[in-house]
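Here's a quick briefing on a protein with a ligand bound, put together for someone who thinks in contacts and torsions. Have a look at the model first, then we'll walk through the site and a few backbone oddities.

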Amino acid sequence: MDARPIPAIRWEGGPEGRLLLLDQTKLPSKLEVLEIRDVESLARAIRELAVRGAPAIGVAAAYGGVLALRESPPSPRERLEEALDLLAASRPTAVNLFHALSRLRRRAAALPGEDPATLAAALLDEARTLHREDEDLCASLGRHGATLLEDGMTVLTHCNTGRLATAGVGTALACILTAHREGKRLLVYADETRPLLQGARLTLFELAEAGIEARLLVDGAGPGLLLAGEIQAVFVGADRIAANGDTANKVGTLPLALAASRAGVPFYVVAPSTTLDPSLPDGRSIPIEERDGDEVTSLLGDRVPPGTRARNPAFDVTPADLITALVTEHGICRSPDRDGIKALLDSGR
Ligand code: MRU
């Protein structure tokens, strides 16, 4: 029996092949793989969080170009444009999605002619390149971030930022996994992450896969434990980082940052440079996804009065001055403010 974990995203075959996504809405109780053969199904899988996490959304969407080109006229280029627009509308906050779509647009624009087979081969190559790049980025994040962890630490993390959220080993969780592989003993507190429970369902699943000691926390518990001195570091990922370092991540991140700052506990954001968005001056301009309120109420079943309506912002924004350091593939940026972000972008050019 093959004991290797099923990857979150896999492309099988050449341009006529298929995209296989591990259906994260079913985890951890069912290991089901979705076979994606058209752009509409891919957009739905992103919208419904079958594939989720900023880097994973970007990588999965990158395969949308090749899927679009196998569909019928008008013209391959028009079909591609329609498909990229559809994917762009699937989720608004993670900027990795828009980076991936721009890469496809640029690659297609650099090719002459209208031959669908040539375009499809090039776009599949672009998607595969992006996929590999994300794997490498994750490995670097893990290496840099692990240096911030010491043997015996208790760390808190929010949402899911591991292999399920990326094409590689993860972002924030990659630091924890790498430190664990280096022999550091850690206790990880994983926030359940309401309403869709990415922490409870996915992070605890990944921590168990890796054999790391973990405890599930209700979302409201973290700030109190931070102020009680029970946690030595907070590690989170990011969906979009504005030019001044303000960072959007899963709703519930901000209270942890505020409490960590008050408690004097380091608060680390771990993200590849593909999550930076220098076109936005600050966090107020980051588009925050509002999801259906039913996602909040349905989890409570008949324990809320019939007809209860919920607000359901999927992300919040942590101001840059609450972030102790930003870990990227370039290393650890200890002043993740406007100048720090500019220096990071310059170092990547
Ligand atoms: O709604 P999700 O599950 O896509 O939200 C994911 C997060 O907020 C992650 O923390 C973020 O994308 C970083 S993932 C490596």
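Which of the 18 residues around the ligand come nearest? That would be Arg52, Ala54, Arg91, Asn249 and Lys250. Keep in mind that this is a predicted model. The ligand lies between two domains, because domain 1 (9-138) and domain 2 (140-347) both give residues to the shell around it.

**Polar contacts to the ligand**

- Alanine 54 joins in through its backbone: one of its N or O atoms there lies 2.8 Å from an oxygen atom of the ligand.
- Aspartate 239 uses its side chain instead, with an N or O atom 2.9 Å from an oxygen atom of the ligand.
- Lysine 250 also reaches in with its side chain, putting an N or O atom 2.7 Å from a ligand oxygen atom.

**How the ligand is enclosed**

- On its own the ligand would expose 410 Å², and the protein buries 100% of that.
- As for where it sits, the ligand is in the largest cavity.
- Two elements each give two or more residues to the shell around the ligand, namely helix H2 (54-62) and strand S9 (247-250).
- Sorted by character, the shell residues come out as six nonpolar, eight polar and four charged.

**Cis peptide bonds**

- Leucine 27 and proline 28 are joined by a cis peptide bond, with omega at about 5°.
- Proline 28 belongs to the loop that runs between strand S2 (18-22) and strand S3 (33-36).
- Going from arginine 194 to proline 195, the peptide bond is cis too, and its omega is near 0°.
- You'll find proline 195 in the loop between strand S5 (187-191) and helix H8 (198-210).

**A positive phi**

- Leucine 49 isn't a glycine, yet it has a positive phi of about 70°.
- Look for leucine 49 in the loop between helix H1 (39-47) and H2, the helix that also gives two or more residues to the shell around the ligand.

Conventions. Residues are numbered from 1 along each chain as its sequence is written. This is a predicted model: local features need pLDDT of at least 70, side-chain atom pairs count only at pLDDT 80 or more; totals for chains, interfaces and linings use all residues. Side-chain values use heavy atoms; hydrogens and water are left out. A residue is near a molecule or strand if one of its heavy atoms lies within 4 Å of it. A polar contact is a pair of N or O atoms within 3.5 Å; within protein, one must be able to donate a hydrogen and the other to accept it, and residues adjacent in sequence count only if both atoms are side-chain atoms. Accessible areas come from the Shrake-Rupley method with a 1.4 Å probe; for residues, only the protein chains shown count as cover. On a 1 Å grid over the protein atoms alone, a cavity is a set of points where a 1.4 Å probe fits but cannot get out, and a pocket is an open set with protein on both sides within 12 Å along at least five of seven lines; lining residues have an atom within 4 Å of a point. A molecule sits in a cavity or pocket if more than half of its atoms lie within 2 Å of its grid points. Helices (H or I, at least four residues) and strands (E, at least two) are DSSP runs, numbered from the N terminus. Ala, Val, Leu, Ile, Met, Phe, Trp, Tyr, Cys and Pro count as nonpolar, Asp, Glu, Lys and Arg as charged, and the others, Gly among them, as polar. Domain bounds come from an automatic or database domain assignment.
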